[in-house]
Amino acid sequence: MARRNSRTRRNVRRRVQKKVAGDRSNLPALELLTELPTFDELSPRQEQVDAYNTYCSAVPEEELALGCVVRLDRGFPAVLTVDEVFRAEFAAQLTKSDFSRVAVGDWVAVRTPHGHDMGLIEAILPRESDIARWRGGSRGEKQTLAANVDVVIVVQALEKGRLSVNRIARSAVVATDCGADVAVVLAKCDSVGEKEVHAARESVREVLGEGCPVVCSAVDGATTSGVEDVRSLVPAGKIGIMLGPSGAGKSTLLNALLGREALETGSVRESDGVGRHTTVTRRMVAIPGAGIIVDEPGLRTLQMVGHERGLAKVFPDIAEAAASCRFRNCTHTHEPGCEVLARFGSGSDDQRLGVYLSLAAEMRESATTLDPDIVL
Ligand SMILES: Nc1nc2c(ncn2[C@@H]2O[C@H](COP(=O)(O)OP(=O)(O)OP(=O)(O)O)[C@@H](O)[C@H]2O)c(=O)[nH]1
Ligand SMILES: [Mg+2]
Ligand SMILES: [Zn+2]
């Protein structure tokens, strides 16, 4: 009986080990992780170095290093230190919510035990910026897409005249709220006429203002345009992230910047131009002659949950007027004493105001339906 028990236990242990090993066995080998930045190309902020030193002094041990998460392959991090790049797992003292939150761009204190090929992330250092979106409904959660990013590049394809200024504006609101600069790339400009490209650029300008760079790009086989403008959005020393729906052409643009087909790209559905979620890895890509850009899987949705500050920064004049409305929950559509209506008229003939009103309405709606336990 005792023997059977111990055998069962052994079997269970073997099965667990196999499962873990099986999960990792499909990960790309370290030598296949190309286009990674060098450690020198990454520059932790002073606060992050200080936080690392404080952490080290609390655990006086060797084998600790300051590292940066440069990739997440199906959630498994790869960490770059001054010496090497390696796969890492999470130390026992990190809670599950910590490690589901670790993101590309995070600075971490990582232990590299001698004779092990796997590092151990012990602490996630404070972030300078946190590009996060709301995932799920009223009981959903914030998901960090990347950390310590300087500029969010909002990519939207210009196919079949389906430009969504609303979607671009909501990306700008999220990025601004998260502490990053915003730039817009209107991709696939070769698939529409010059007039449409011009009109789309003007629309984005009108809604986001002159301060937001807008680049029009086309990567059609060997013929490209606008690629150098994209490169100049992320100068050396800076980190950017490509944000946009699947099929927008994010990975294609990165390949054009690299000058080789390093990243997988995929076709889009004929009927509506929607992509097939080709990119499944979040990864840093070192761009020749520029900084680093994070490639991401396409995003289906970007919900307006708790981004009031971002909305106010992207639309400062409208938000300022809204603050003077008679009713705090004014919808700026019909209320007496509405300062927005008084100053800007109704949204029907003003695209910029229309976008503001719809994003503000969505934010009000989500605030009322959000589970009361959730702290944003
Ligand atoms: N004509 C044209 N096609 C493009 C352009 N950019 C991308 N494409 C095509 O659009 C499709 C999707 O491109 P991807 O680069 O895979 O798109 P993605 O944004 O990375 O998509 P996900 O990885 O799924 O998020 C591919 O078939 C590309 O060849 C462009 O500028 N012009
Ligand atoms: Mg892609
Ligand atoms: Zn109002």
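These legends accompany three close-up views of a predicted model.

**View 1. Residues around ligand 1 in the predicted model.** The shell around ligand 1 is made up of 25 residues, and of these G249, T252, T265, T279 and G298 come nearest to the ligand. Two elements, the strand β11 (218-220) and the helix α7 (250-258), are those that give two or more residues to this shell. Sorted by class, the residues around ligand 1 comprise 15 that are polar, 6 that are nonpolar and 4 that are charged.

**View 2. The crossing of helices α4 and α11.** Two packed helices are described by the angle between their axes and the distance between the axes. Here the axes of α4 (residues 165-177) and α11 (residues 351-369) come within 10 Å and cross at roughly 60°, and α4 and α11 are therefore oblique to each other. The crossing of these two helices is right-handed. On the α4 side the contact is made by V165, N166, A169, R170 and V173, while α11 contributes Q351, V355, S358 and L359. By class, the contact of α4 with α11 has 5 nonpolar, 3 polar and 1 charged residues.

**View 3. The surroundings of A51 in helix α2.** A51 lies in α2, the helix that covers residues 46-58. Because 19 C-beta neighbours lie inside 10 Å of A51, where 20 or more would make a residue buried, A51 counts as partly exposed. Leaving aside residues up to four places away in sequence, A51 touches L125 and P126. A123 is 72 residues from A51 along the chain, and the C-alpha atoms of these two residues are separated by 9.8 Å.

Notes
Residues are numbered from 1 along each chain as its sequence is written. Chains are lettered from A and ligands numbered from 1 in the order in which they are written. This is a predicted model: local features need pLDDT of at least 70, side-chain atom pairs count only at pLDDT 80 or more; totals for chains, interfaces and linings use all residues. A residue is near a molecule or strand if its C-beta atom, placed from the backbone, lies within 6 Å of it. Helices (H or I, at least four residues) and strands (E, at least two) are DSSP runs, numbered from the N terminus. Ala, Val, Leu, Ile, Met, Phe, Trp, Tyr, Cys and Pro count as nonpolar, Asp, Glu, Lys and Arg as charged, and the others, Gly among them, as polar. Axes are lines fitted to C-alpha atoms, for helices over the stretch in contact, and angles run from 0 to 180 degrees between N-to-C directions. Angles under 35 degrees count as roughly parallel, over 145 as roughly antiparallel, 65 to 115 as roughly perpendicular and the rest as oblique. A crossing is left-handed if the near helix is turned anticlockwise from the far one by less than a right angle, and right-handed if clockwise. Two residues are in contact if their C-beta atoms, placed from the backbone, lie within 7 Å. A residue is buried if 20 or more other C-beta atoms lie within 10 Å of its own, exposed if 12 or fewer, and partly exposed in between; C-beta atoms are placed from the backbone.
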